[in-house]
Amino acid sequence: MRQANLLVGRTLAEIARMIKPGVTTRQIDQLADTFIRDHGAIPTFKGFPNSEGIPFPASVCTSVNEQVVHGVPTDTPLKEGDIVSVDCGTLLNGYNGDSCYTFCVGEVAPEVRQLLKTTKESLYLGIQAALAGRRIGDIGYAVQHHCESHSYGVVRELCGHGIGREMHEDPMVPNYGRRGNGQQIKNGLCIAIEPMITMGSREIGILSDGWTIVTRDGKPAAHFEHTIAIHNGKADILSSFEEVEQIEGKLY
Ligand code: MG
Ligand code: MG
């Protein structure tokens with residue numbers, strides 16, 4: 001699982017190198033698809049069916065500005081000041097990787113950078129709360145408490161998940177919750193934690209493509225995701241932002 005997740009991290013780093021104004025999300029998707037297949041893996045999102053059986057048409061989800069998650073790549077060029085989350089999944093040697101990073105396109109407004117910073121912080125707070133003997137609700141509580149203390153919205157309808165041989169396994173890992181609630185966390189549990197955080201209201205809608213989730217108020221949303229394994233009582237992060245953060249020079 002670490003190999004699949006590190007490949008996701010390397011794919012996100014390739015994307016970090018190409019993101020700038022004028023690049024299209026379809027170009028990002030094409031680069032990711034080629035890079036993943038060149039490394040002997042399968043981009044798991046391609047053709048993945050939603051609840052209505054509509055297959056996802058691309059190899060990564062690219063969600064721009066008010067798009068929260070599951071954005072479908074298009075030929076519209078990114079412009080200065082946009083943010084774009086790229087969610088990437090790979091299947092390598094029978095195991096799944098899943099990780100997401102929200103990128104800045106050129107100079108981004110300080111209040112939007114703050115949204116990204118807080119969302120990424122909440123991911124790591126959720127990971128720190130994932131200790132053997134504690135419960136899934138402790139993770140959601142940590143994410144929710146941090147983001148709501150900054151007056152951001154925490155999307156309720158979508159959540160993290162178990163992961164392993166399948167991309168989505170039990171348990172569900174909500175980004176909200178109460179301490180001490182939910183399934184107990186044990187050594188060997190592998191989960192994806194993925195806060196989806198909005199600058200305004202947490203109300204969401206879906207576009208007519210059947211996939212793209214957007215904020216109802218049109219305000220920006222951020223999404224960061226790591227896959228972790230509980231090992232020796234605490235979280236071992238299997239995916240990696242290290243290379244991405246080197247490339248973007250820790251902008252926020
Ligand atoms: Mg993902
Ligand atoms: Mg996921």
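Me: What counts as a donor of the magnesium ion (ligand 1), and how are the donor residues spaced in sequence?

Reply: Donors are N, O and S atoms within 2.8 Å of the metal (3.2 Å for Na, K and Ca); water is not among the atoms, so sites may look incomplete. Here the donor residues of the magnesium ion (ligand 1) follow the spacing D-x10-D-x126-E. This is a predicted model, where local features need pLDDT of at least 70, side-chain atom pairs count only at pLDDT 80 or more, and totals for chains, interfaces and linings use all residues. Residues are numbered from 1 along each chain as its sequence is written, chains are lettered from A and ligands numbered from 1 in the order in which they are written, and side-chain values use heavy atoms, with hydrogens and water left out.

Me: Which protein donors does the magnesium ion (ligand 1) have?

Reply: They are Asp 87 (OD), Asp 87 (OD), Asp 98 (OD) and Glu 225 (OE). These lie 2.0 to 2.6 Å from the ion.

Me: Which residues coordinate the magnesium ion (ligand 2)?

Reply: Asp 98 (OD), His 161 (NE2), Glu 194 (OE) and Glu 225 (OE) do, at 2.1 to 2.3 Å. Their spacing in sequence is D-x62-H-x32-E-x30-E. Asp 98 bridges this ion and the magnesium ion (ligand 1), and the two lie 3.1 Å apart.

Me: Where do Asp 98 and Glu 225 lie?

Reply: Strands and helices come first: they are DSSP runs, numbered from the N terminus, with at least four residues for helices (H or I) and at least two for strands (E). Asp 98 is in strand S5 (residues 95-104), while Glu 225 is in the loop between strand S13 (221-223) and S14, so the pair ties together parts that are 127 residues apart in sequence.

Me: Are Asp 98 and Glu 225 buried or exposed?

Reply: Buried means under 20% relative accessible area, exposed over 50%, and partly exposed in between (1.4 Å probe, protein chains only). Asp 98 has 2% relative accessibility, so Asp 98 counts as buried. Glu 225 is buried too, at 0%.

Me: How do I read strand order in the sheet of five strands?

Reply: Two strands pair if DSSP finds at least two bridges between them. The open sheet here runs S8-S7-S9-S14-S15, with antiparallel pairing. Strand S8 (169-173) and strand S15 (234-237) are at the edges with a single partner strand each, so one side of each has no neighbour in the sheet. The twist averages 30° from one strand to the next. Angles run from 0 to 180 degrees between N-to-C directions, and axes are lines fitted to C-alpha atoms, for helices over the stretch in contact.

Me: How many bridges join strand S7 to S8?

Reply: Three bridges join S7 (residues 160-162) to S8, and the strands run antiparallel. Gly 160 stands opposite Val 173 in S8.

Me: Which strands does helix H3 lie across?

Reply: Contact means heavy atoms within 4.5 Å. Helix H3 (residues 110-129) lies across strand S9 (190-193), strand S14 (226-231) and S15, running at about 20° to S14. Helix H4 (residues 136-149) also packs on the sheet. Helix H4 touches S8 and S9, and its direction makes about 40° with that of S8.

Me: What is the order of the sheet of three strands?

Reply: This open sheet has the order S3-S12-S11, with antiparallel pairing. Strand S3 (67-69) and strand S11 (204-206) stand at its edges. Three bridges join S11 to strand S12 (residues 213-215). Ile 204 stands opposite Thr 215 in S12.
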